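The following questions and answers examine one protein chain through its secondary structure, burial and side-chain contacts.

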Amino acid sequence: LRALTGSFKKSMDDLWHFGILAAIIFVFFATTGWWTFGGDRDDFRTGTETMTTQLNIILGTLPENYNLDFRLSVYVMLTTAVFFLLMLNFLLAIVVEGYMKVRGEMEENKAAYEFFTDIALTAKASFHKHTARWPDRRELIYVLKHKVSASEVNGFMLRKVASNEECQITIDGVRKVFDYYFLNFPKLRTDGDH
């Protein structure tokens with residue numbers, strides 16, 4: 001789910017530009033069709049009918065007897081080529097580029113696994129939290145935010161902070177948390193942690 005929403009979020013700027021460009025090209029083609037065929041054909045008589053006919057062409061419904069008029073045949077082929085072949089491929093390229101950015105971020109994320117594995121690991125961690133009496137998550141976050149800098153976070157430092165009297169986190173609790181995560185999830189280890 002993150003990949004889907006993230007792809008659109010990463011592509012939003014390009015999608016806005018694509019939407020504006022597609023609207024300009026759509027109106028240009030509709031105006032050209034209205035001026036060219038409006039006097040001869042009922043399905044091009046007004047701007048609205050021309051846009052409806054053009055949308056139908058893009059979706060695959062061709063105007064009746066379009067092959068009897070060479071200019072209309074060219075118009076249908078150009079409309080199909082520009083919108084169905086070119087614009088659709090541009091849209092696909094934009095979304096794929098956004099997906100690749102999200103996928104790269106997900107690959108770099110050392111704590112994320114696939115969806116069902118994440119659910120199972122969350123349940124397992126909750127079980128261990130209660131059975132092994134891990135420290136409260138809010139207290140651990142408080143210590144990480146206010147007692148230490150990000151560059152000095154490691155197991156030894158947390159054990160040292162946990163020995164502080166004002167903190168409710170015990171050395172044994174910190175050891176259990178780190179042993180669980182660093183022994184069971186090698187992706188979380190850095191070169192300095194052994």
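Q: Which residue caps the N-terminal end of H3?
A: In this predicted model, the backbone nitrogen of arginine 71 has a side-chain oxygen 3.1 Å away. That distance is within the 3.5 Å cut-off for a polar contact. The oxygen belongs to the residue that caps the N-terminal end of H3, aspartate 69.

Q: What pattern does the protein chain follow along the sequence?
A: The protein chain contains seven helices and zero strands. Of its 194 residues, 27% count as buried. Read along the sequence, the pattern is α-α-α-α-α-α-α.

Q: How many Å does helix H3 reach from its first C-alpha to its last?
A: Helix H3 runs over residues 70-108 and has 39 residues. At 1.5 Å a residue, a span of 57 Å is expected. The span in the model is close to that value, at 56 Å.

Q: Where does H3 bend?
A: The axis of H3 changes direction by about 25°. The residue at the bend is among the buried residues of the helix, which also include Phe83 and Ile94. The bend is at methionine 87.

Q: Is phenylalanine 84 buried, partly exposed or exposed?
A: Phenylalanine 84 lies in helix H3. Its C-alpha atom is separated by 9.5 Å from that of isoleucine 57, 27 residues away along the chain. Buried requires under 20% relative accessible area and exposed over 50%. Because its relative accessibility is 45%, phenylalanine 84 counts as partly exposed.

Q: Which residues make the nonpolar surface patch of about 490 Å²?
A: A residue joins a patch only with over 30% relative accessible area. Phenylalanine 84, at 45%, therefore passes this cut-off. The patch is made by Phe84, Leu85, Leu86, Leu88 and Phe90.

Q: Which residue has a backbone oxygen 2.6 Å from a polar side-chain atom of threonine 53?
A: Threonine 53 is found in helix H2. It counts as buried because its relative accessibility is 10%. The backbone oxygen 2.6 Å from its side chain belongs to aspartate 43.

Q: Which residue forms a salt bridge with aspartate 43?
A: Aspartate 43 is partly exposed, with a relative accessible area of 23%. The closest N and O atoms of the salt bridge are 3.1 Å apart. The partner is buried, at 16% relative accessible area. This partner is arginine 41.

Q: How many residues apart are aspartate 40 and arginine 71?
A: The side chains of aspartate 40 and arginine 71 meet in a salt bridge, at 3.6 Å from N to O. The pair links distant parts of the chain: aspartate 40 is in the loop between helix H1 (2-37) and H2, and arginine 71 is in helix H3. Along the chain, the two are apart by 31 residues.

Q: Which residues do salt bridges that share partners join into one network?
A: The structure holds six salt bridges. One of them joins glutamate 49 and arginine 45, at 3.8 Å from N to O. Elsewhere, salt bridges with shared partners form one network of Asp40, Asp69 and Arg71.

Q: What is the phi of asparagine 65?
A: Asparagine 65 has its place in the loop between helix H2 (47-59) and H3. Its phi is positive although the residue is not a glycine. The value is about 55°.

Note on methods: Residues are numbered from 1 along each chain as its sequence is written. This is a predicted model: local features need pLDDT of at least 70, side-chain atom pairs count only at pLDDT 80 or more; totals for chains, interfaces and linings use all residues. Side-chain values use heavy atoms; hydrogens and water are left out. Helices (H or I, at least four residues) and strands (E, at least two) are DSSP runs, numbered from the N terminus. The expected span of a helix is 1.5 Å times one less than its number of residues. The bend at a residue is the angle between axes fitted to the seven residues ending there and the seven starting there. Buried means under 20% relative accessible area, exposed over 50%, partly exposed in between (1.4 Å probe, protein chains only). A polar contact is a pair of N or O atoms within 3.5 Å; within protein, one must be able to donate a hydrogen and the other to accept it, and residues adjacent in sequence count only if both atoms are side-chain atoms. Patches are made of residues with over 30% relative accessible area and no salt bridge: like charges are joined within 9 Å, nonpolar side chains (Val, Leu, Ile, Met, Phe, Trp, Tyr) within 5 Å. Accessible areas come from the Shrake-Rupley method with a 1.4 Å probe; for residues, only the protein chains shown count as cover. A salt bridge is a side-chain nitrogen of Lys or Arg within 4 Å of a carboxyl oxygen of Asp or Glu.
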